[in-house]
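Could you walk me through this structure, one feature at a time? I'd like to learn how to read it.

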Amino acid sequence: MGLQAYLTLAAVVFGIGLFGVVTRRNTISILLGIELMLNSVNINLVAFSRFSGDVTGMIFTVFTICITVVEAALGLSIVILLFRVRRTVTADHLDLLKG
Amino acid sequence: MMTGDGSLALIALLLHALGFLTLAIVAPLRRLGRPGAFVSIACAIGSLAAAVLSWQQHMGGAVSRRVWEWLPSQGQTLMTVGILADADSSVMLCLVALVACLVQVYSLSYLSDEPAPSFGRYYTYQSLFAFSMMGLVLAPNLAQLFICWELVGLSSYLLIGFWYRKPSAARAAVKAFWITKAGDVGLLIGIVLLWRQAGTFDLTEMRVLVESGALPVAGLSIITFCLYMGAAGKSAQFPMHIWLPDAMEGPTPVSALIHAATMVTAGVYLLLRTEFLFALTPDVLLIVAWVGAFTALLAAVLACVQDDIKRVLAYSTVSQLGYMMTAIGAGFASAGFFHLLTHGLFKALLFLGAGAVIHAVHSNDLPDMGGLARKMPQTAIVFLIGTLSLAGIPLFGGFLSKEEILGAVWAGGLVGPFAVLMLVAFLTAFYMFRVVFLAFYGVPAAAHAHAHGHAHGGHGHHAEPHDPPAAMALPLWILALLSMAVGVYFTFTHPETEFTAPGWLMPAAVGTAVAGILLAWATYQRQIINPVSLASAFGPIRYAAINKFWIDNIFEGIYNVVLLGFSKILGWIDRYIVDGVLNVVSAWTLTSGDDLRTLQTGRAQDYVYGVAVGLLILLLWARWALA
């Protein structure tokens, strides 16, 4: 399998993630979508690293995974706080910035 | 101090300023009325003494000029203030000081029924007027002259509207203010244009420029015409004469001072001061002469049909101002100025005399008078002296000055205006003696005046008319004696004139005046000629004159049709086009803002969606358009 197949996979995962972020009502589902998008980027990094023989991409991926973990923790705690304050986690109801 | 450095003229000027400021600032004094009046009168008497002494210094031809720098501009002085006392301005100063002083004394008694605060207000205005008029007379430059010119206009407005609760007086004040203001705009334009051409406001410097021929003559006609417009507004020349008869709504002493002797002659005085400029523009002088002659005739005809004694005198003033203007137009400003001085004396006398009559009869209308000579002999005598002066009978004030004007106009080669002025001389004698015979002789109006008195009811105290008290009689006699003295003096010693009048002129002028007197006598005294049939003989003219030749209506029509129409068009444009465009733009802004704010949903997902779609479009664009 060539590079193109990996990239296609990454693009599809990214698309699914974006679709989830844009369409899901539940805030936790939106976070999951974001995770998907980040992982598609990881796939890209690993694929390029593998095919160009440069390990920098692999190392960078490890960093990304760390940051993803932190981000998930932060995101979840924000959602919990949000639930405490607003008694809801439905994204449609969180429209305080409405013009 | 008694040197001819102009300090006396300055004192005369500043004394009135002192009087005005004292009354204006010390409000309790003003509200006391009579004490305030005495302050003002004391200043006026001091001012008169200083003016007479100053005249003695300058009558020989000495000139005192004192100026102070006022407005600096780029290291130079743009404008100065000060005084210029020469033969002309000091004699004019004397006239102003004299009439102002006498009128203030006269008003003590004439306005004694006024409440104290308005009495004090009256004297405040009087002092302000005297100060501004003297400032105008002594002005060494046109800028100061203009400032004082506006100040006298203001005082005139305040004094015409002295009884401001009376609607007709308030209207007359506004009318006088606006019509003279129309002329003042011309004057201001003229002064500024002249400054651009000559580089100075100063009259003396300007005269030097003209005499050395350094002043370019091109375009000077417009300048002098603008100056003339200001003079015509102030001196009530056709068609801007309509304010003066209405100005009679003010107290009679005010009419005597402002609307007969001093302020209305300011226009003539301005033309005398700028005579050297007008001499360069003969075309404008011709306009001055013809308009003057026409004004004289028009006003004389109007005076013949008036029943209000003050209005007769007002039209007579307009007519005499026309006389002076014609003489100036003929190129002999000194003749016009001479008539200005004598006219100032006897017209003030006539107005004050009429005031005494009005004070006694409580009416302005000639039909309410009649047979007053028996009841008020002193008033009758002084009024007769004034009338004979105005008619131009030898030994009386106006005799020589009137003849000089006729001689000047003849010498100037203006045959048309000369003929008009002769006719006016006839009419003048006629209408003035009509007043004399109707008011002082003939059938006493006692019978129907009595009925009138009951009809008025409110007045109640219709006592028998009698001569005025001393405070009013004294100014009358002083003016009468001065008119006589001037008349007698000039009847026997002819001053040297710049022109030679033909020998037949004097008999012709006197003969015309006597003919006018005889006609009035035959009509109104002896009733040889029936006044009614005389009136019907001049039916159409009489009808037109009673309607003031519709000049007021024409002004009204111009106002209603042209001005209001124009403002309506402008108003429509402003309301529907200027405002319309703005309203539409603002409405668009509002609705589009309203529409656009729905884009701002506040949901983070929509923004992410927007970012994603935007990125996609950018990528596609980069792919297809740039590659």
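Here is a short dialogue about the structure shown above.

Q: Before we start, what kind of model is this, and how are things numbered?

A: It's a predicted model, where local features need pLDDT of at least 70 and side-chain atom pairs count only at pLDDT 80 or more, while totals for chains, interfaces and linings use all residues. Residues are numbered from 1 along each chain as its sequence is written, and chains are lettered from A and ligands numbered from 1 in the order in which they are written.

Q: What does chain B contain in the way of helices and strands?

A: Helices (H or I, at least four residues) and strands (E, at least two) are DSSP runs, numbered from the N terminus. Chain B has 27 helices and two strands. Along its principal axes, the C-alpha trace of chain B spans about 115 × 65 × 55 Å.

Q: How many of the residues of chain B count as buried?

A: You count neighbours: a residue is buried if 20 or more other C-beta atoms lie within 10 Å of its own, exposed if 12 or fewer, and partly exposed in between, with C-beta atoms placed from the backbone. In chain B, 49% of the 627 residues count as buried.

Q: What do contacts say about chain B?

A: Two residues are in contact if their C-beta atoms, placed from the backbone, lie within 7 Å. Take the contacts in chain B between residues at least 6 apart in sequence: 81% of them join residues at least 24 apart.

Q: Which residues touch the most other members of the largest nonpolar core?

A: A nonpolar core is a set of buried Ala, Val, Leu, Ile, Met, Phe, Trp, Tyr and Cys residues joined through C-beta atoms within 7 Å. The largest one has 202 residues, and B:L93, B:V96 and B:A348 touch the most other members. Helix 20 (residues 415-440) of chain B gives this core its largest share, 18 residues. Leaving out residues up to four places away in sequence, B:A348 touches B:V99, B:A256, B:L257, B:A260, B:A261 and B:L479.

Q: How do I read a single helix, say helix 1 of chain B?

A: Try its length, then its sides. The expected span of a helix is 1.5 Å times one less than its number of residues. Helix 1 (residues 7-25) of chain B has 19 residues and should span 27 Å; its end C-alpha atoms are 26 Å apart, which agrees. Its buried residues are B:L8, B:A9, B:A12, B:L13, B:L15, B:H16, B:G19, B:F20 and B:L23. They cover an arc of only 160° around the axis (taken from the directions from the helix axis to the C-beta atoms), so they sit on the same side of helix 1 of chain B. Among the elements they pack against are helix 3 (34-58) and strand 2 (76-85) of chain B.

Q: And the strands: is strand 1 of chain B largely in the open or buried?

A: In a regular strand the side chains alternate between the two faces of the sheet. Strand 1 (residues 64-73) of chain B lies largely in the open, because one of its ten residues is buried. Two strands pair if DSSP finds at least two bridges between them. Strand 1 and strand 2 of chain B pair in the antiparallel sense over nine bridges, and B:W68 has B:V81 as its bridge partner in strand 2. Their hairpin has two residues between the strands, and there B:Q74 takes a positive phi near 50°.

Q: Where else does a residue other than glycine take a positive phi?

A: Look at B:A236, with phi near 55°. B:A236 sits in the loop between helix 9 and helix 10 of chain B and is buried, with 30 other C-beta atoms within 10 Å. B:H362 isn't a glycine either, and its phi is positive, about 65°. With 16 C-beta neighbours inside 10 Å, B:H362 counts as partly exposed.

Q: Which residues does the cis peptide bond join?

A: Omega is the angle to check, and here it is about 0° for the cis bond joining B:F238 and B:P239. B:P239 lies in the loop between helix 9 (220-234) and helix 10 (243-246) of chain B.

Q: How many residues does each chain bring to the contact between chains A and B?

A: Ten come from chain B and ten from chain A.
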